[in-house]
Amino acid sequence: MKSGVPSGRRRDPDVDRRVLAAALETYGKRGWGGFSVEAVAKQAGAGKASIYLRWPTKEDLLVDALHQLGSSKYVETGDVRSDLLSLATQLLQQYLSDEGHAAMRLAVETEQIPAVAEAWSKLRESQILAARRLVRNAIDRGQLPESTSVTLLLDLLCGATTMHVQATPPRMRHHILAEIDDYARRLVDFLLTAVRADEGLVADHGPDPSAA
């Protein structure tokens, strides 16, 4: 799918930004069944005609909006604690945002939207591989035991951040934002202590996609 405007017509970056942000917010709140160009236009304060000039279908619009979910990058510092703290903090911030609500919906609805499924799959794969490389590099540097399970460590970190948000009532989620650094620190220190104290954690078996 391709998005675009007629040749010779200059795109307004501010309109694009507002529409894409509104698309994620609308999808996150309403899901695919309630996602429409009309709803996005109202949320963005933009005209439907302007949106259709850029994105012929609502599938095109959501695919472009998904790129906003991949804007955060996992930048390695060479210190595993700092890297995992950054990852945990980014995950918490994302899950509490409109982008996070959209991501959680896509995790269960993507099979219902074939035109969006491929873009979502590629985005998730790139994020997973980046996180796996982060842990694998820490093992190679000797900062984690060789027996460390990359999959298990990331499952625990990502699962904990997801459940921390999901298990907190919406009316209390502002407390998560206020204490996000402290929670990330306690979570990462707990995981690192457990991994380093027990080198008997089962290592991954089979090919490691992060090594590709």
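Visitor: Among contacts in the protein with a separation of 6 or more, what share comes from residues 24 or more positions apart?
Guide: The model is a predicted one. Its contacts with a separation of 6 or more are the set to look at, and the part asked for joins residues 24 or more positions apart. That part comes to 72%.

Visitor: Which elements make up the secondary structure, and how many of them are there?
Guide: From the N terminus on, the order reads α-α-α-α-α-α-α-α-α-α. The count of strands is zero, and the count of helices is 10.

Visitor: Where is Thr161 found?
Guide: The element that holds Thr161 spans residues 150-166. This is helix α8.

Visitor: Is Thr161 buried or exposed?
Guide: The relative accessible area of Thr161 is 0%. Buried means under 20%, so Thr161, at 0%, is buried.

Visitor: Which residues is Thr161 in contact with, leaving aside its neighbours within four places in sequence?
Guide: Contact requires heavy atoms within 4.5 Å. One of the partners is Ala88, 73 residues away in sequence, with a C-alpha to C-alpha distance of 6.9 Å. The full list is Ala88, Leu91, Leu92, Tyr95 and Leu187.

Visitor: Which backbone oxygen lies 2.8 Å from a polar atom of the Thr161 side chain?
Guide: A polar contact needs N or O atoms within 3.5 Å. Here the side chain of Thr161 supplies one polar atom, and the backbone oxygen at 2.8 Å belongs to Cys158.

Visitor: What percentage of the residues in the protein is buried?
Guide: The protein has 212 residues. Thr161 is buried, and buried residues make up 41% of the protein.

Notes
Residues numbered from 1 in each chain as written. Predicted model: local features only at pLDDT ≥ 70, side-chain atom pairs only at ≥ 80, totals over all residues. Heavy atoms only, no water. Helix = DSSP H or I, 4+ residues; strand = E, 2+ residues; numbered from the N terminus. Buried < 20%, exposed > 50% of the residue type's maximum accessible area, 1.4 Å probe, protein only. Polar contact = N/O pair within 3.5 Å; in protein donor to acceptor, adjacent residues only side chain to side chain.
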